[in-house]
Amino acid sequence: HHKNLVKIIGKNVTDDGRCLIIDNTLYAFAPKGITSYEIPSNVEIIENCVFAESELESINFPEGLLHIGMDAFSNCVKITSITFPKSLETMHTYAFRGCMAVEGFYGNEKFHTSDNKCLISLTNIGICICGFAGKNITEYTIPEGIVSIENYAFYNAINLRKLNFPNSIKRIGSHAFEGATNIETITGENVLEDNRSLVVDSTLIMMAGGGLEKYITPKEVKYLSE
């Protein structure tokens, strides 16, 4: 796997032997032994999976960066803070999937909520949460205006006990709360009286199962979501 790569050699490689850059696009990174890195100033695009599963604890993005690809930083489990440059225009929904140690998203406000806790993206259905920086949070209120929670967004948020949903929520992706097994209470306009069942258009889109040994599907539910 590329996470054991120490050095790259070639005409399109940076002087430190760490980055392969062609036409302002970063295609490969040699991460072995690196915990902090400043991406070269000429990089405009970070391709898919470039930094995935590396040991990075911090990363600095250059002003001029335009796009971050799918799984570019997936499973970088030691990164604690992410600051986006103002120049960033687009980012794949799964760019930071599995970055469980992140405590805050900062910089370009197009990509995070005002409380710095949620990574967001704009899709054809509206604003979606695609990452959560709340590994130590026990209760969280999802901001009004969020329409969807994407796959793996709250992955392994094991300390979360209570979640408050906005009226705007319409969809929750598969695996959105995988590993967040201790959620015991949910609230919101579309939550039933049991404070366990989130139902939109007669579809159960989330069930809070923390501490439960038995669950009875409410009579209001006609369909089960993913």
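**Close-up views of a predicted, all-strand chain**

**View 1. Ser121 sits in strand S10.** The model shown here, as in every view, is predicted. Ser121 counts as buried, because its relative accessibility is 9% and buried means under 20%. Which residues does Ser121 contact, leaving aside its neighbours within four places in sequence? They are Thr93, Gly126, Ile127, Cys128 and Cys130.

**View 2. Strands S10 and S11 form a hairpin.** S10 covers residues 118-123, and S11 covers residues 126-132. Two residues make the link between these strands. S10 and S11 run antiparallel, with six bridges joining them. In one bridge, Cys118 has Phe132 of S11 as its partner. Strands of a sheet pair through backbone hydrogen bonds, and the pairing can be parallel or antiparallel. How many of the seven residues of S11 are buried? Six are, and the strand is mostly covered.

**View 3. Strand S11 also pairs with strand S13.** Here the two strands run parallel. Three bridges join them. Ile129 stands opposite Ile149, which belongs to S13. Compare the S10 partner of S11, which runs antiparallel to it.

**View 4. Five strands make an open sheet.** Their order is S1-S2-S4-S6-S8. The pairing in this sheet is mixed. Which strands lie at the edges? They are S1 (19-22) and S8 (90-91), and each pairs on one side only. S8 pairs with S6 in the parallel sense, over two bridges. His67 stands opposite Thr90, a residue of S8.

**View 5. Phe29 and Phe51 form a tilted aromatic pair.** A pair of aromatic rings is described by two values, the distance of the centres and the angle of the planes. For Phe29 and Phe51, the centres are 4.6 Å apart and the planes meet at 40 degrees. The pair counts as tilted because 40 degrees is neither under 30 nor over 60. Where do the two residues lie? Phe29 is in strand S2 (residues 25-29). Phe51 is in the loop between S4 (45-46) and S5 (58-60). The pair thus links distant parts of the chain, 22 residues apart. Phe29 is buried, with a relative accessible area of 2%. Phe51 is buried too, at 0%.

**View 6. Phe61 and Phe84 form a stacked pair.** Their ring centres lie 6.3 Å apart. Why does the pair count as stacked? The planes are at 15 degrees, and planes under 30 degrees apart count as stacked. Phe61 lies in the loop between S5 and S6 (67-68). Phe84 lies in strand S7 (residues 81-84). Parts of the chain that are 23 residues apart in sequence are therefore tied together by this pair. Both Phe61 and Phe84 are buried.

**View 7. Aromatic rings gather in one cluster.** Its members are Phe29, Tyr37, Phe51, Phe61, Phe73, Phe84, Phe96 and Phe111. The structure as a whole holds twelve aromatic pairs.

**View 8. Arg97 lies over the face of Tyr94.** The distance to the ring centre is 4.1 Å.

**View 9. Asn156 and Asn195 each have a positive phi.** Most residues other than glycine have a negative phi. Asn156 is not a glycine, yet its phi is about 60 degrees. Asn156 is found in the loop between S13 (146-149) and S14 (162-164). Is Asn156 buried or partly exposed? Asn156 is partly exposed, with a relative accessible area of 30%. Asn195 has a phi near 55 degrees. Asn195 lies in the loop between S16 (185-187) and S17 (197-200). Asn195 is partly exposed, at 32%.

**View 10. The whole chain has 19 strands and zero helices.** The radius of gyration is 19 Å, close to the 17 Å that the globule rule gives for 226 residues. The chain is therefore as compact as a globular protein of that length. The C-alpha atoms fill a box of roughly 65 × 30 × 25 Å along the principal axes. What share of the 226 residues counts as buried? The share is 48%. The accessible surface comes to about 11,300 Å², and 47% of it belongs to carbon and sulfur atoms. Among contacts between residues at least 6 apart in sequence, 26% join residues at least 24 apart.

Methods:
Residues numbered from 1 in each chain as written. Predicted model: local features only at pLDDT ≥ 70, side-chain atom pairs only at ≥ 80, totals over all residues. Heavy atoms only, no water. Phe/Tyr/Trp six-rings, centres within 6.5 Å; stacked < 30°, edge-to-face > 60°. Helix = DSSP H or I, 4+ residues; strand = E, 2+ residues; numbered from the N terminus. Buried < 20%, exposed > 50% of the residue type's maximum accessible area, 1.4 Å probe, protein only. Lys NZ or Arg CZ within 6 Å of the ring centre and 35° of its normal. Pairing = 2+ DSSP bridges. Contact = heavy atoms within 4.5 Å. Rg over C-alpha atoms; globule rule 2.2 N^0.38 Å. Areas by Shrake-Rupley, 256 points an atom, 1.4 Å probe, with all protein chains shown as cover.
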